[in-house]
Every structure is written in C-alpha cells, then in structure tokens.
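Visitor: I have a model to look at and would enjoy a short tour. Could you show it to me?

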Amino acid sequence: MPNGSVQQFTHTNGGVTVDITKLDHINIRTPDLEAITAFYRDVLGLEVGPRPPFGAPGSWMYAGDHPIVHISMQRGEPMSGNSQIDHIAFSATNLAATLE
C-alpha cells in the first residue's frame with residue numbers, strides 16, 4: 001500500500017455496516033510499567049509522548065505523531081506477572097448507522 005493511503009475494510013452484519021479505516025492503538029496492562037515502556041522505546045524505537053492525566057500511571061508510545069501503544073498499570077486484582085492486552089481500538093466511519 002502506498003505511503004499515506006488508507007485501505008478501508010467494510011463489514012456488514014445484520015444490516016449494519018462498519019467501515020474500519022485503521023488500527024488506532026492497542027492498550028496493554030502491566031504490573032511493570034518501567035520495563036514495558038523501556039521495551040517499546042529501546043527495542044521497537046517508539047517514543048514516549050503526552051498522555052491524558054488518567055487515574056492510574058501509564059505511558060503512551062508514539063510512532064511519529066500517533067500514540068499507537070497505550071500502556072497502563074494494572075488495577076484491581078494483582079496480575080499473574082505477565083502483561084496483558086486490555087483492548088484494541090479501530091478508527092472507523094459510519095458511526096451513526098452503527099449506533100442505530
């Protein structure tokens with residue numbers, strides 16, 4: 001795909017059409033914020049950037065001007081020691097039709 005172009009994926013289910021335009025970000029929960037942040041910075045070359053003041057510690061890792069990896073400290077029950085994917089977010093169009 002040429003640099004800067006957008007590939008759109010259209011999915012229809014039960015009469016609802018969602019047009020996914022990109023993978024926006026992934027959120028990882030971790031018991032070790034410092035180690036996971038260092039991995040994405042030092043191994044993958046992402047940069048730590050601005051993050052909204054949420055109630056728990058975390059960091060946002062940027063590729064260029066877009067925060068593609070959100071890292072947050074685990075909340076509630078202690079984790080088993082491994083980091084976990086909390087959620088994956090997509091950018092999409094046709095929101096009004098999807099919500100109907």
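Visitor: Does Arg41 count as buried, partly exposed or exposed, that is, which class fits?

Guide: Happy to help, and first a word on the basis: this is a predicted model, where local features need pLDDT of at least 70, side-chain atom pairs count only at pLDDT 80 or more, and totals for chains, interfaces and linings use all residues. Residues are numbered from 1 along each chain as its sequence is written, and side-chain values use heavy atoms, with hydrogens and water left out. Buried means under 20% relative accessible area, exposed over 50%, and partly exposed in between, with a 1.4 Å probe and protein chains only. Because its relative accessibility is 38%, Arg41 is partly exposed.

Visitor: Which residue forms a salt bridge with Arg41?

Guide: A salt bridge here is a side-chain nitrogen of Lys or Arg within 4 Å of a carboxyl oxygen of Asp or Glu. For Arg41, the closest N and O atoms of the pair are 2.7 Å apart. The partner is exposed, at 53% relative accessible area. That partner is Asp42.

Visitor: How many residues apart are Asp86 and Arg29?

Guide: The search of the whole structure finds 2 salt bridges, and Asp86 with Arg29 is one of them, its closest N and O atoms being 3.6 Å apart. Strands (E, at least two residues) and helices (H or I, at least four) are DSSP runs, numbered from the N terminus. Asp86 lies in strand β6 (residues 84-93) and Arg29 in strand β2 (residues 16-30), so the pair links distant parts of the chain. Their separation is 57 residues.

Visitor: Why are the buried residues of α1 on the same side?

Guide: Helix α1 spans residues 33-43, and its buried residues are Leu33, Ile36, Thr37 and Tyr40. The arc is taken from the directions from the helix axis to the C-beta atoms. On the other side of α1, Glu34, Asp42 and Val43 are exposed. The buried residues share a side because they cover an arc of only 100°.

Visitor: Which element gives the largest share of the largest nonpolar core?

Guide: A nonpolar core is a set of buried Ala, Val, Leu, Ile, Met, Phe, Trp, Tyr and Cys residues joined through side-chain atoms within 4.5 Å. The largest one has 8 residues: Ile28, Leu33, Ile36, Tyr40, Leu46, Met61, Val69 and Ile71. Two or more residues come from each of α1 and β5. The largest share, 3 residues, comes from α1.
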